Amino acid sequence: MPEGHTIHRLARELRRDLRGRTLEVSSPQGRFAHGAEVLDGAALAKAWAHGKHLFLELDPPEAPPERLHIHLGLFGKFRRRATPAPEPYGAVRLRFAGPEWTWDLSGPTACELLDDDGRDRILARLGPDPLRPRTDPEPFISAVTRSKRSIGVLLMDQSVIAGVGNVYRSELCFRHGIDPRRRGVDLDRDTVAAMWDDTVALLTVGVRLGRIVTVEPDDPCLETPRTTMAKLPRADRLYVYRRQHCRRCDAPVEWFDLANRRVYACPVEQH
DNA sequence: ATAATATGGTGAT
DNA sequence: TCACCCTATTATC
């Protein structure tokens, strides 16, 4: 379930469970056997994220200046279990066994050791991350308002904004009443600035709840306004993504492909 | 048993 | 624009 919120939350959880602990590192599946060997016996020093990229800085006993770069892709998952953990279930690429908690990684697109240059090459192709504190939205605003590509495509472009994925893009466009096919250049700076602020807010909620919730707790579409988003039933969490009918006005939701992925929109409320 | 699907990204054409 | 990579779960035969 990886959009940016998932990765930032993971960084936080890994810090909480593993920071400062000596780790037994292994690759039960074998595909990261070499890296696991290098990292075995190291301690987690830092865990941080930029967009959908996770970086784990280790304190290896022999200290090569290396860090682990992980990208979950579409299928990647981390599972947490109490130490001592049972035999890995399924294809576990990497296991971190700390004294209290063990984390298993499966299905990542990237799981590799990087030096400073490698890290910089990745950061260089990422746009601003709404979840990083005090991030300047200007590069996002100017990239969008100067582009002839559609806002639906731009929101999925990690060099324009890092961390938004397919669910948030549909929901962001809905919340701003914008048809995802509208060209960036046709949007006002103010509108785009408001979308940035909204992205910060939505992703922050995502980190807190560990799930994507974009419906406002006091939205008139909810019969009983909620004081908290935490308990919203599944059907009440999103406005349009993968829905048959718009959560707000009940019009049939349209879908089409943009950037090779399906995007959903309400034909009544988005123009 | 096999297929379809999923919140992602890269590299070739 | 497409093919392909990564894996688990759910749906369908």
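## Exercises on a predicted protein–DNA model

Cys266 sits in the segment after β10. This is a predicted model, so keep that in mind as you work through the exercises below.

### Exercise 1. The surroundings of Cys266

Task: decide whether Cys266 is buried or exposed, and find which residues it touches beyond its sequence neighbours.

Solution.
- Step 1. Start with accessibility: the relative accessible area of Cys266 is 1%. Buried means under 20%, so Cys266 is buried.
- Step 2. Now look for contacts, leaving out residues up to four places away in sequence: Cys266 touches Phe174, Val240, Cys246, Cys249 and Ala251.
- Step 3. For a sense of distance, pick Leu202, which is 64 residues from Cys266 along the chain. Their C-alpha atoms are separated by 19 Å.

### Exercise 2. Aromatic pairs

Task: work out how the rings of Phe78 and Trp103 are arranged, and which parts of the chain this pair ties together.

Solution.
- Step 1. Ring centres must lie within 6.5 Å to pair, and planes over 60 degrees apart count as edge-to-face. By this rule there are five aromatic pairs.
- Step 2. For Phe78 and Trp103, the centres are 6.1 Å apart and the planes make an angle of 75 degrees, which is edge-to-face.
- Step 3. Place the partners: Phe78 belongs to strand β5 (residues 77-82) and Trp103 to strand β7 (residues 101-106), so the pair ties together parts that are 25 residues apart in sequence.
- Step 4. Check burial too. Phe78 counts as buried at 13% relative accessibility, and Trp103 is buried at 3%.
- Step 5. Try another pair, Tyr241 and Tyr264: their ring centres are 5.2 Å apart with planes at 75 degrees, so this pair is edge-to-face. Tyr241 lies in the loop between α7 (189-209) and β9 (254-258), and Tyr264 lies in strand β10 (residues 261-265), so the pair ties together parts 23 residues apart in sequence. Both Tyr241 and Tyr264 are buried.

### Exercise 3. Arginines over rings

Task: find which ring faces Arg80 and Arg181 lie over.

Solution.
- Step 1. Arg80 is placed over the face of Trp101, 3.5 Å from the ring centre.
- Step 2. Arg181 is placed over the face of Phe256, at 3.9 Å from the ring centre.

### Exercise 4. Two side chains that reach backbone oxygens

Task: identify the backbone oxygens reached by the side chains of Ser27 and Gln158.

Solution.
- Step 1. Locate Ser27 in the loop between β1 (24-26) and α2 (33-39). At 13% relative accessibility, Ser27 counts as buried.
- Step 2. Follow the side chain of Ser27 to the backbone oxygen of Arg93, at 2.6 Å. Among the residues that Ser27 touches are Phe32, Val92 and Leu94.
- Step 3. Gln158 is in the loop between α5 and α6 (166-175). Its side chain reaches the backbone oxygen of Val164 at 3.0 Å.
- Step 4. The contacts of Gln158 include Lys52, Arg125 and Gly163.

### Exercise 5. How enclosed is α6?

Task: find how many of the 10 residues of α6 are buried and what covers them.

Solution.
- Step 1. The buried residues are Asn166, Val167, Tyr168, Arg169, Ser170, Glu171, Leu172, Cys173 and Phe174.
- Step 2. That is nine of the 10 residues, so α6 is largely enclosed by the rest of the structure.
- Step 3. The cover includes α1 (4-18), α5, α7, β9 and β10.
- Step 4. Look past the helix end: Gly177 follows α6 and has a positive phi, near 65 degrees.
- Step 5. For another helix, take α4 (residues 138-145), where Phe140, Ile141, Ser142, Val144 and Thr145 are buried. The buried residues of α4 pack against α5 (151-154) and α7.

### Exercise 6. The surface around DNA strand B

Task: describe which residues come nearest to DNA strand B and which of its atoms the protein approaches.

Solution.
- Step 1. Of the 18 residues around DNA strand B, those that come nearest are Phe75, Arg125, Tyr241, Arg242 and Arg261.
- Step 2. Sort the surface by class: seven residues are nonpolar, six polar and five charged.
- Step 3. Turn to the DNA: of the strand B atoms within 4 Å of the protein, 67% belong to sugar or phosphate and the rest to bases.
- Step 4. Inspect individual contacts. An N or O atom in the side chain of His71 is 3.2 Å from a phosphate oxygen of strand B, and a polar backbone atom of Asn166 is 3.3 Å from a phosphate oxygen.
- Step 5. Finish with Glu3, where a side-chain N or O atom is 3.1 Å from a sugar or linking oxygen of strand B.

Definitions and conventions
Residues are numbered from 1 along each chain as its sequence is written. Chains are lettered from A and ligands numbered from 1 in the order in which they are written. This is a predicted model: local features need pLDDT of at least 70, side-chain atom pairs count only at pLDDT 80 or more; totals for chains, interfaces and linings use all residues. Side-chain values use heavy atoms; hydrogens and water are left out. Rings of Phe, Tyr and Trp (its six-membered ring) pair if their centres lie within 6.5 Å; planes under 30 degrees apart count as stacked, over 60 as edge-to-face and the rest as tilted. Helices (H or I, at least four residues) and strands (E, at least two) are DSSP runs, numbered from the N terminus. Buried means under 20% relative accessible area, exposed over 50%, partly exposed in between (1.4 Å probe, protein chains only). A charge sits over a ring if NZ of Lys or CZ of Arg is within 6 Å of the ring centre and within 35 degrees of the ring normal. Contact means heavy atoms within 4.5 Å. A polar contact is a pair of N or O atoms within 3.5 Å; within protein, one must be able to donate a hydrogen and the other to accept it, and residues adjacent in sequence count only if both atoms are side-chain atoms. A residue is near a molecule or strand if one of its heavy atoms lies within 4 Å of it. Ala, Val, Leu, Ile, Met, Phe, Trp, Tyr, Cys and Pro count as nonpolar, Asp, Glu, Lys and Arg as charged, and the others, Gly among them, as polar.
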